[in-house]
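Here are some notes to read alongside the model, for anyone opening it for the first time. Have a look at the picture, then work through the points below.

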Amino acid sequence: MRFLGLFLRTLFLIVVVVITARVASPQNETIWSAYDTPSDLFRIILGAAVCLFVGVQIFRYSRDPADMRKWVVIGGAALPLALLCAVVIW
């Protein structure tokens, strides 16, 4: 149960990072054109901060087996929804 909880938690957080990176990418064609509009630049900076925060959370997990058992239930429900969001956004 502990390994399954850790696996589902990690997959969920990876999908969240991918979704955040996709949403935070500039609306223009390249990243170098993000300086043309301040909203694109702000979106990139905020998205990078969120991706960094969630990326750090992937490696900082609780050693408590009860927390990992909770992630079996949470990951089982949230991971398919996150994957669905990723497919729709892409």
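**Notes on the fold**

1. Let's start with how the chain meets itself. Among the contacts in the protein with a separation of 6 or more, 74% are between residues 24 or more positions apart. Keep in mind that this is a predicted model.

2. Now for the parts list. The protein has three helices and zero strands, and reading along the sequence gives the pattern α-α-α. Its radius of gyration is 16 Å, well over the 12 Å that the globule rule gives for 90 residues, so the protein is more spread out than a compact globule. If you want dimensions, the C-alpha atoms fill a box of roughly 50 × 25 × 15 Å, taken along the principal axes. As for burial, 29% of the 90 residues count as buried.

3. How do α1 and α2 pack? Helix α2 covers residues 38–59, and α1 packs with α2 at an angle of about 170°, their axes being 9 Å apart. Because angles over 145 degrees count as roughly antiparallel, that makes α1 roughly antiparallel to α2. On the α1 side, the residues involved are R9, T10, L13, I14, V16, V17, T20, A21, V23 and A24. They meet R43, I44, G47, V50, C51, V54, G55, Q57 and I58 in α2. By type, the residues of this contact divide into 12 nonpolar, five polar and two charged.

4. The other pairing to look at is α1 with α3. Helix α1 spans residues 2–24 and helix α3 spans residues 65–89; they pack at an angle of about 30°, with axes 7 Å apart. Angles under 35 degrees count as roughly parallel, so α1 is roughly parallel to α3. The way α1 passes α3 is a left-handed crossing. The residues of the contact of α1 with α3 divide into 19 nonpolar, three polar and three charged.

5. Take T20 as a sample residue. Is T20 buried or exposed? This residue is found in helix α1, and T20 counts as buried because its relative accessibility is 18%, where the cut-off for buried is under 20%. Not counting residues up to four places away in sequence, T20 touches G47, V50 and C51. Those three also appear in the list of α2 residues that α1 meets.

6. V23 is worth a look too. It is found in helix α1, but V23 counts as partly exposed, since its relative accessibility is 48%. Which residues is V23 in contact with, leaving aside its neighbours within four places in sequence? They are R43 and I89. R43 is in α2. V23 and W90 are 67 residues apart along the chain, while their C-alpha atoms are separated by 9.1 Å.

7. Finally, try A66, which has its place in helix α3. At 29% relative accessibility, A66 counts as partly exposed. How far apart are A66 and D36 in space? They are 30 residues apart in sequence, and the C-alpha to C-alpha distance is 49 Å. It is a useful pair to pick out on screen when getting your bearings, along with V23 and W90, whose C-alpha atoms are separated by 9.1 Å.

Methods
Residues are numbered from 1 along each chain as its sequence is written. This is a predicted model: local features need pLDDT of at least 70, side-chain atom pairs count only at pLDDT 80 or more; totals for chains, interfaces and linings use all residues. Side-chain values use heavy atoms; hydrogens and water are left out. Axes are lines fitted to C-alpha atoms, for helices over the stretch in contact, and angles run from 0 to 180 degrees between N-to-C directions. Helices (H or I, at least four residues) and strands (E, at least two) are DSSP runs, numbered from the N terminus. Angles under 35 degrees count as roughly parallel, over 145 as roughly antiparallel, 65 to 115 as roughly perpendicular and the rest as oblique. A crossing is left-handed if the near helix is turned anticlockwise from the far one by less than a right angle, and right-handed if clockwise. Ala, Val, Leu, Ile, Met, Phe, Trp, Tyr, Cys and Pro count as nonpolar, Asp, Glu, Lys and Arg as charged, and the others, Gly among them, as polar. Buried means under 20% relative accessible area, exposed over 50%, partly exposed in between (1.4 Å probe, protein chains only). Contact means heavy atoms within 4.5 Å. The radius of gyration is taken over C-alpha atoms; the globule rule is 2.2 Å times the number of residues to the power 0.38.
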